[in-house]
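The following note sets out points for a colleague to consider while viewing the structure. Each point takes up one topic.

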Amino acid sequence: AARSGGRGGRASPVMALRVVPTVLREETEALGTAKANEAVDITAKATNRVVALHLREGEFVRQGDVLVEFDGTEARANLAAAEATARDTQSQFQRGKQLFQQKALSESDMVQVEAKMLNSRSAVEAAQARVNDTVIRAPFGGRIGLRNTSVGSLVTPGQVITTLDDVNVIKLDFSVPEAFLSVIREGETLEASTAAYAGEVFKGKVDSIATRVDPVSRSILVRALIDNRNHRLKPGMFMTVKLQRSATQALMIPEQALMPQGGNQFVFVLYGDTARKTEIKLGRRRPGEVEAVAGLKAGDLLIIEGGDQLQDGAKVQATITDKAPEGALLGDG
């Protein structure tokens, strides 16, 4: 008796799927960390003693509000001395101009008098700057963090007194594969989620895209802005962004229809009552399915069951379906 599925043998029962284009949406998830729109550590410029703290933990302040005052006794005394010197040198300069016009003062002496006046003015500006440094004002509007010092404490340069964060807007930095560059555009809306608020979606917009792709990871850094006027999101939160590439038409076939051979991929295509072994090229994948980018066309009848014992040109008795069985999509044999 002839072998089942061979040339001239009895027809083998098979199931064939009509190949039709389907919409393929390629998704990816990106992970990022939430950051304050603006953030700064409030520190002192010089070693000094705190005399007043105009801040409370967690309160909101406006740009320019006084936050910290340091002992300014010495700085104000130095400013007063510098101003007195400046007034004196200004008077000497005015007197020198009169003498110079009367030819009673040489040009070189006049230059020295003017230099003293200018130096004294610079000293006043420097002294005024030191007085200004005894008061710290909010560089922008935001929320005060935890306070790390008290009135009467001696603080040193770089010591963090408190923090200030503008959290009305949250910056979310995340990396995406370079393949998604065609999807990401400035101004585009996206959705992000966080484990802190399970099932909730936060909408934002792409603000900027890095100018370079990382040559190692082949990804690019993207920054999005999320409205956070309700202050639910906190800097440092871990967030997930879902991205979709533009939907495209694709010929998706069940993986179980594939027959690997020598590094190539083959399938059986039904022509009338004959099965033809056909080489195909594969593209994108999704669970249980793979894209056929060459070798198949829309309308072809692809044998998805009963093809494992077939030979090229075998006679078959086919049951044709327009939808693959659930087991085929899962890759079950």
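1. Arg218 lies in the loop that runs between strand 12 and strand 13. Its phi is near 55°, a positive value in a residue that is not glycine. Arg218 counts as partly exposed, because its relative accessibility is 46%. As the model is a predicted one, this backbone value is a feature of the prediction.

2. His231 offers a second case of positive phi outside glycine, at about 60°. This residue is placed in the loop between strand 13 and strand 14. Is His231 buried or exposed? With a relative accessibility of 18%, His231 counts as buried, because the cut-off for that class is under 20%.

3. Confidence should be considered before finer details are read. The mean pLDDT of the protein is 87, and 92% of its residues reach 70 or more. The highest confidence belongs to strand 6 (residues 66-70), at a mean of 96, and the lowest to helix 3 (residues 326-330), at 44. The pLDDT is below 50 over residues 1-5, a stretch with 14 contacts in the model beyond near neighbours in sequence. It is also below 50 over residues 327-333, where 13 such contacts are found. Where pLDDT is low, predicted coordinates should not be read in detail.

4. The largest nonpolar core holds 22 residues, and Phe174, Val176, Ile226, Met239 and Val241 touch the most other members. Two or more residues of this core come from each of strand 3 (27-43), strand 10 (160-177), strand 11 (189-193), strand 12 (202-209), strand 13 (219-227) and strand 14 (238-244). Beyond its neighbours within four places in sequence, Met239 is in contact with residues including Ala30, Leu31, Leu172, Phe202 and Ile226. A second, separate core has 16 residues, among them Ala44, Leu53, Ile136 and Phe140. In soluble globular proteins, nonpolar side chains tend to be buried together.

5. Val113 belongs to helix 2 (residues 107-132). Val113 is classed as buried because its relative accessible area is 18%, and the limit is under 20%. Residues up to four places away in sequence aside, Val113 touches Gln92 and Phe93. The C-alpha atoms of Val113 and Lys97 are 9.2 Å apart, with a separation of 16 residues in sequence.

6. Strand 1 (residues 12-18) pairs with two other strands. Six bridges join strand 1 to strand 22 (residues 316-321), and these two run parallel. In this pairing, Pro13 stands opposite Gln317. Strand 1 is also joined by four bridges to strand 21 (residues 301-305), in an antiparallel arrangement. Here the residue opposite Met15 is Glu305.

7. Which strands form the edges of the open sheet with the order 7-6-4-9? The edges are strand 7 (135-137) and strand 9 (154-155), each of which pairs on one side only. This sheet has four strands with antiparallel pairing. Three bridges join strand 6 to strand 7, and Glu69 has Val135 of strand 7 as its bridge partner.

8. Two charged side chains sit over aromatic rings. The charged end of Arg232 is placed over the ring of Tyr197, 4.2 Å from the ring centre. The charged end of Lys277 is placed over the ring of Phe266, 5.0 Å from the centre. In addition, the structure holds one aromatic pair.

Key:
Residues numbered from 1 in each chain as written. Predicted model: local features only at pLDDT ≥ 70, side-chain atom pairs only at ≥ 80, totals over all residues. Heavy atoms only, no water. Buried < 20%, exposed > 50% of the residue type's maximum accessible area, 1.4 Å probe, protein only. Contact = heavy atoms within 4.5 Å. Core = buried A, V, L, I, M, F, W, Y, C linked by side-chain atoms within 4.5 Å. Phe/Tyr/Trp six-rings, centres within 6.5 Å; stacked < 30°, edge-to-face > 60°. Lys NZ or Arg CZ within 6 Å of the ring centre and 35° of its normal. Pairing = 2+ DSSP bridges. pLDDT = per-residue confidence, 0-100.
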